[in-house]
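Please open the structure in your viewer, with the sequence panel alongside, and follow the stops below in order. Each stop suggests a selection and then says what is to be found there.

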Amino acid sequence: MSLLTEHIIPGNHGKVFETNAKKDTDLLTIKKELLTLRGVKDVIINNEVFPRELKILTNALVKVEDIEQKAVGIGFHVIPKGLLKL
């Protein structure tokens with residue numbers, strides 16, 4: 001693993017995550033919870049695709065593991081897109 005795969009780098013490019021949440025209310029719950037993490041500045045929901053995507057923008061270095069654990073804490077999963085190679 002590297003800095004780029006284990007962290008979200010500050011800036012406007014962010015990192016895209018896929019989630020198992022389907023309902024808009026669930027997606028908003030995840031967004032609200034992720035915004036409580038130090039360094040997360042915005043969460044953009046893309047519910048036009050399946051699985052649903054969340055683009056997370058930060059203003060500080062944030063660990064991917066922290067994002068994943070925050071979502072698991074409320075009963076959902078988020079996985080960085082593009083991390084697994086097929």
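Two strands are said to pair here if DSSP finds at least two bridges between them, while the elements themselves are DSSP runs numbered from the N terminus, helices being H or I runs of at least four residues and strands E runs of at least two. With that in hand, select β2 and strand β4 (residues 53-58), which pair in the antiparallel sense over five bridges.

Before going further, note that this is a predicted model, in which local features need pLDDT of at least 70 and side-chain atom pairs count only at pLDDT 80 or more, whereas totals for chains, interfaces and linings use all residues. Residues are numbered from 1 along each chain as its sequence is written, and side-chain values use heavy atoms, with hydrogens and water left out.

**Confidence**

Colour the chain by pLDDT, the predictor's confidence in each residue on a scale from 0 to 100. The protein chain averages 93, and 94% of the residues score at least 70. Among its elements, helix α1 (residues 3-6) has the lowest mean pLDDT, 84, and α2 the highest, 98. Where pLDDT is low, the predicted coordinates should not be read in detail.

**The sheet**

Now extend the selection to the four strands of the open sheet, which follow the order β3-β4-β2-β6 with antiparallel pairing. At the edges are β3 (40-46) and β6 (78-80), each of which pairs on one side only. From one strand to the next the twist averages 35°, where axes are lines fitted to C-alpha atoms, for helices over the stretch in contact, and angles run from 0 to 180 degrees between N-to-C directions.

Select E18 next, and look to both sides: its bridge partner in β4 is E53, and its bridge partner in β6 is I79. V16 has K55 as its bridge partner in β4. The antiparallel strands β2 and β6 are joined by three bridges, and the antiparallel strands β3 and β4 by six.

A hairpin of six residues leads from β3 to β4, and P51 belongs to the loop between these two strands. Select F50 and P51 together to find a cis peptide bond, with omega about 0°; as background, most peptide bonds are trans.

**The helices on the sheet**

Add helix α2 (residues 24-34), which lies across β2, β3 and β4 and runs at about 165° to β3. Helix α3 (residues 64-72) also packs on the sheet, touching β2, β3, β4 and β6, and its direction makes about 160° with that of β6; contact in this tour means heavy atoms within 4.5 Å.

**The core**

Which residues touch the most other members of the largest nonpolar core? Among its 17 residues, they are F17, L34, V40, L54, I56 and I67, a nonpolar core being a set of buried Ala, Val, Leu, Ile, Met, Phe, Trp, Tyr and Cys residues joined through side-chain atoms within 4.5 Å. At least two residues of this core come from each of α2, β3, β4 and α3.

Centre the view on V40, which stands opposite T58 in β4. Residues up to four places away in sequence aside, V40 touches L34, L35, I56, L57, T58, V62 and I67.

**T19 and its surroundings**

Is T19, found in strand β2 (residues 11-19), buried or exposed? T19 counts as buried because its relative accessibility is 5%, where buried means under 20% relative accessible area, exposed over 50% and partly exposed in between, computed with a 1.4 Å probe on protein chains only.

Show the side chain of T19: one of its polar atoms lies 3.2 Å from the backbone nitrogen of A21, and a polar atom of this side chain lies 2.9 Å from the backbone oxygen of H77. Leaving aside neighbours within four places in sequence, T19 is in contact with L27, I30, P51, R52, L54, F76, H77 and V78.

**Two partly exposed residues**

Select D42 in strand β3, which counts as partly exposed at 28% relative accessibility. Beyond four places in sequence, D42 touches K31, L35, K55, I56 and L57.

Finish at A60, in the loop between β4 and β5 (62-63), which is partly exposed with a relative accessible area of 26%. Not counting residues up to four places away in sequence, A60 touches I8, P10 and G39, while the C-alpha atoms of A60 and K31, 29 residues apart along the chain, are separated by 17 Å.

Key. Polar contact = N/O pair within 3.5 Å; in protein donor to acceptor, adjacent residues only side chain to side chain.
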